[in-house]
Amino acid sequence: MSALTLALRDSSTMLRRNLLHARRYPSLTLNLLLTPIMLLLLFVYIFGDTMSAGIGGSGPDRSAYIAFVVPGLLLMTIGSTTIGTAVSVSNDMTEGIIARFRTMAIHRGSVLIGHVIGSVLQAVISVVLVGAVGVAIGFRSTDATVLEWLAAFALLVLFATALTWIAVGMGLVSPNAEAAGNNAMPLILLPLLSSTFVPLDSMPGWFQPIAEYQPFTPAIETLRGLLLGTQIGHNGWLALTWCLGLAVLGYLWSTSKFNDDPR
């Protein structure tokens, strides 16, 4: 059996293992999924009229605010879901199963690959569910072409892959599951400091650079442009650079820590 065939077989096995864990213990994923859904309903139905009046300047328009806020919350869903990845990896590292895997004739990288692919699949499913809630309350993307929809999907998958590798690294360096969840909290806090709920030009001047030059804002603006036809500008390249940079950084960090960790 070639090295590639062995890697694919073992990675597939680890992927099935992680998906079975997610199915048997869905409470963490559901709890993390509820956060963006609750924020979506809260900001649309409680603050929607006020927020839309402040953004558009033409009076309350809840439907306009739904269109504005949904793309940001789709990316926030990815950040929320990856917290479960950090917790899952930390559990594996502290409960002894990794030590057993290392004594078996399996491809060394398959453990992390299984976690990453499984987590990306869960993130995509979560995005679809949050998107379905958005559609149910009035979100529409009637002007997007098929290519723009495909580009939006590719952006979501790439963003999920990048954050998942970062979350894997956070799980590997955490001494326990509680610490892993705490270490990964920036992945759900950063969207709150981005253009998810309000545009950048409505923020204080000193805060705008903080919100603009972080991973979530360029991705949000790019997704809005693809789905709603708004101006993307330089955000597309910034989003792609952030995604690739975080994915490479997370991969190198995770594999280095996994190979060095004696647990």
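User: Why is Arg17 called buried?

Analyst: In this predicted model, Arg17 has a relative accessible area of 16%. Buried means under 20%, and Arg17 is therefore classed as buried.

User: What makes the contact between Arg17 and Asp92 a salt bridge?

Analyst: The side chains of Arg17 and Asp92 meet at 2.8 Å, N to O. A salt bridge requires a side-chain nitrogen of Lys or Arg within 4 Å of a carboxyl oxygen of Asp or Glu, so the pair qualifies. Arg17 belongs to helix H1 (residues 3-24) and Asp92 to helix H4, so this salt bridge ties together parts that are 75 residues apart in sequence.

User: How do you know whether Asp92 is buried or exposed?

Analyst: Its relative accessible area is 5%. The cut-off for buried is under 20%, so Asp92 is buried.

User: How many salt bridges does a search of the whole structure find, and what makes Arg224 and Glu221 one such pair?

Analyst: The search finds 2 salt bridges. In the pair of Arg224 and Glu221, the closest N and O atoms are 2.9 Å apart. The limit is 4 Å, so this pair also meets the definition. Both residues lie in helix H11, 3 residues apart, about one turn of the helix.

User: How do you know whether Arg224 and Glu221 are buried or exposed?

Analyst: Relative accessibility is 3% for Arg224 and 16% for Glu221. Buried means under 20%, so Arg224 counts as buried, and so does Glu221.

User: Why does Met38 count as exposed?

Analyst: Met38, found in helix H2, has 53% relative accessibility. Exposed means over 50%, so Met38 falls in that class. Met38 is also one of the residues of a nonpolar surface patch, together with Leu34, Leu41, Leu42, Tyr45, Ile46 and Phe47. The patch has about 640 Å² of accessible area together.

User: Pro36 is also found in helix H2; what makes it buried?

Analyst: Pro36 has a relative accessible area of 0%. This is under the 20% cut-off, hence the label buried. Leaving aside neighbours within four places in sequence, Pro36 is in contact with Leu73, Thr77, Ser80 and Val130. The C-alpha atoms of Pro36 and Gly79 are 9.8 Å apart, while 43 residues separate the two in sequence.

User: Why is Ser126 called buried, and which residues does it contact?

Analyst: Ser126 has its place in helix H6. Its relative accessible area is 3%; buried means under 20%, so the label applies. Neighbours within four places in sequence aside, Ser126 is in contact with Leu33, Thr77 and Thr81.

User: Which residues touch the most other members of the largest nonpolar core, and which helix gives the most to this core?

Analyst: The core has 63 residues, of which Val69, Leu75, Ile78, Phe159 and Leu223 touch the most other members. Several helices supply at least two residues each, including helix H2 (27-45), helix H6 (110-136) and helix H12 (235-260). H4 gives the most, with 15 residues. Not counting residues up to four places away in sequence, Val69 touches Leu40, Val44, Thr196 and Phe197.

User: Which helix has the lowest mean pLDDT, and why should low pLDDT call for caution?

Analyst: Helix H3 (residues 48-56) has the lowest mean pLDDT among the elements, 68, and helix H7 (residues 146-173) the highest, 95. The chain averages 86, with 92% of the residues scoring at least 70. Where pLDDT is low, the predicted coordinates should not be read in detail.

How values were computed: Residues are numbered from 1 along each chain as its sequence is written. This is a predicted model: local features need pLDDT of at least 70, side-chain atom pairs count only at pLDDT 80 or more; totals for chains, interfaces and linings use all residues. Side-chain values use heavy atoms; hydrogens and water are left out. pLDDT is the predictor's confidence in each residue, from 0 to 100. Helices (H or I, at least four residues) and strands (E, at least two) are DSSP runs, numbered from the N terminus. A nonpolar core is a set of buried Ala, Val, Leu, Ile, Met, Phe, Trp, Tyr and Cys residues joined through side-chain atoms within 4.5 Å. Buried means under 20% relative accessible area, exposed over 50%, partly exposed in between (1.4 Å probe, protein chains only). Contact means heavy atoms within 4.5 Å. Patches are made of residues with over 30% relative accessible area and no salt bridge: like charges are joined within 9 Å, nonpolar side chains (Val, Leu, Ile, Met, Phe, Trp, Tyr) within 5 Å. Accessible areas come from the Shrake-Rupley method with a 1.4 Å probe; for residues, only the protein chains shown count as cover.
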